[in-house]
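Q: Could you take me on a close tour of the empty spaces in this protein? I'd like to know what lines the enclosed cavities, and what the surroundings look like.

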Amino acid sequence: MLKIAFHGAAREVTGSCHLIQTARGKVLLDCGMVQGGPERHERNREAFPFDPSELTAVVLSHAHIDHTGRLPLLLKTGYEGPIFATETTAELCRIMLADSGRIQEEDAEWKIKRLKKEGLDASWVRPLYTEEDAMEAVDRIHPLDFHREYALDGFGALTYHLAGHILGAAVVELTVGGGEKSTESRRILFSGDLGVEGARLLGPPETVDRPDYLLMESTYGDRQRVETMDRTEELLQIVEETSDRGGKVIIPSFAVGRTQEVLARLNDLVEGGRLQSVPVYVDSPMATAVTRVFAMHPEVFSEEARRLLRTGDEPLDFPGLRLITSVRDSMELNGLEGPAIIISASGMCTAGRIKHHLKHNISDHRNTILFVGYQAEHTLGRHIQSGTDPVRIFGSWFDVNAEIRTIEGFSAHADLDELLAWYDALGGVKRRTFLVHGEEEASLSLARRLRERGSEAVTVPEPHQEFVLD
Ligand code: ZN
């Protein structure tokens, strides 16, 4: 018996959660949070469509919250087994899940305050989970190495390969018992999220020879990045134009991945003498902590970044860079006169300090809001990026007078050509490909492209759809 069910990131991007079942047990691939606006967020409170106490193991692809954020809830509803992740993912989870727990608590406090102010009953409001709940999940994580095969308690075997998406991100290879009519084993490959070619810090995603089944992300399944110029040059140009106006460049950025990739480029510009006297602030305690983890793990760096390190140059440290953690220092930035660069989380402007920076800067025509990552539907980031004006921040309306720019190349996600190249490098998929982690149109479009290339067995699963595999 071999079954697979898609309980998240099916015809949408967030909430990655796939259940693999054999006669020997059940393994959950990722346990991610649904993100993108308050209504979607409420879906995280729904019960899991399986019994968590029956799971053999949880296997994580990488530390992003849309792949890990419901782990605390899994424990609260009866899961007692191990959680496997690469060593660096385990370290990042310690930072990111704790942060997620704090955000849940703050959201609940904020809601209670608002309801009380309106004279309404607030006794029913509970955080989705707390920081303490999150740390219990973190303590359950078993760190594993890349490129080594591990036995999964009678269920099968697990090997992690580099995905190049963020620090520690993995392509997951599972070997399990066969289907109904077969005793042969089957290899299931889960791409997790795939990185881009030519990233400054991380290498390109690795491939694995001809799996039986493939679960593949499709975030940019219908999009080709248009890069008219080098990413570093474009960044320099935007900073210079904004500085000439006396303005600030505000960069909403995921604390993990994008922030470090942007810093690496700024490092090149500053140390190459091409960008001077523009201070750079990273205003996110999490980005700061993650930047330090990055510096400790050169083994996952790209060739170029390792070469720099060998010459004694830290790729994420340069004159003029300030890493900010305290709330006081963060608030002081509100009164800062430009030019300056402020990088802050969250990347899609849904939470965190970036909302304060937008509030204080979005209506000033001298400033630039620079997007460097994917903006999901229904998020503040997507609204701003697509030209909505005015926008609502913390319940008030703000005119969008700042210049709005996007640099595509900093995305941590492979684009269409890169997805196809990775797929081709597998040398084919023996039985069936399932496309996940993409908005419906993107997944369907990639499915068409794969079929055009002669891959007939391609499926875009519906949410919660289950397949019996052979
Ligand atoms: Zn990711």
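A: Happy to; what follows goes through the cavities one at a time, then a loop residue, then a pocket. Please keep in mind that this is a predicted model.

A good place to start is the general idea: rolling a probe the size of a water molecule over the atoms shows where empty space is left. In this model, the count comes to two cavities of 30 Å³ or more.

Let's begin with the largest cavity, whose volume is about 130 Å³. Its lining is made up of 17 residues, and H165, A199, G257, E261 and A412 are the ones nearest the centre. If you sort the lining of this largest cavity by class, you get seven nonpolar, six polar and four charged residues. Among the contributors, helix α7, which spans residues 258-271, gives the most to the lining, with four residues. Both domains take part as well: domain 1 (2-223 + 413-468) and domain 2 (231-410) each supply at least three residues to the lining of the largest cavity.

Now for the second largest cavity, which holds about 40 Å³ of space. Here the lining can be named in full: E12, V13, T14, R40, A376, E377 and E439. By class, that lining comes to two nonpolar, one polar and four charged residues.

From there, have a look at Q375, which sits in the loop between β16 (368-371) and α12 (380-385). Because its relative accessible area is 2%, and buried means under 20%, Q375 counts as buried. A polar atom of the Q375 side chain lies 3.1 Å from the backbone oxygen of G373. Setting aside neighbours within four places in sequence, Q375 is in contact with G347, M348, G381, R382 and Q385.

To finish, let's turn from the enclosed spaces to an open one. The second largest pocket has a volume of about 250 Å³. Its lining has 19 residues, with H7, R43, E46, R70 and H464 closest to the centre. Sorted by class, the residues lining this second largest pocket divide into nine nonpolar, six polar and four charged.

If you have the model open, H165 and E261 are handy residues to select for finding the largest cavity, as both are among those nearest its centre. For the second largest cavity, you could select R40 and E439, which are both part of its lining. For the second largest pocket, R43 and H464 will take you there, being among the residues closest to its centre.

Key
Residues are numbered from 1 along each chain as its sequence is written. This is a predicted model: local features need pLDDT of at least 70, side-chain atom pairs count only at pLDDT 80 or more; totals for chains, interfaces and linings use all residues. Side-chain values use heavy atoms; hydrogens and water are left out. On a 1 Å grid over the protein atoms alone, a cavity is a set of points where a 1.4 Å probe fits but cannot get out, and a pocket is an open set with protein on both sides within 12 Å along at least five of seven lines; lining residues have an atom within 4 Å of a point. Grid points are joined across faces, edges and corners, and a volume is the space filled by probe spheres set on the points. Helices (H or I, at least four residues) and strands (E, at least two) are DSSP runs, numbered from the N terminus. Ala, Val, Leu, Ile, Met, Phe, Trp, Tyr, Cys and Pro count as nonpolar, Asp, Glu, Lys and Arg as charged, and the others, Gly among them, as polar. Domain bounds come from an automatic or database domain assignment. Buried means under 20% relative accessible area, exposed over 50%, partly exposed in between (1.4 Å probe, protein chains only). A polar contact is a pair of N or O atoms within 3.5 Å; within protein, one must be able to donate a hydrogen and the other to accept it, and residues adjacent in sequence count only if both atoms are side-chain atoms. Contact means heavy atoms within 4.5 Å.
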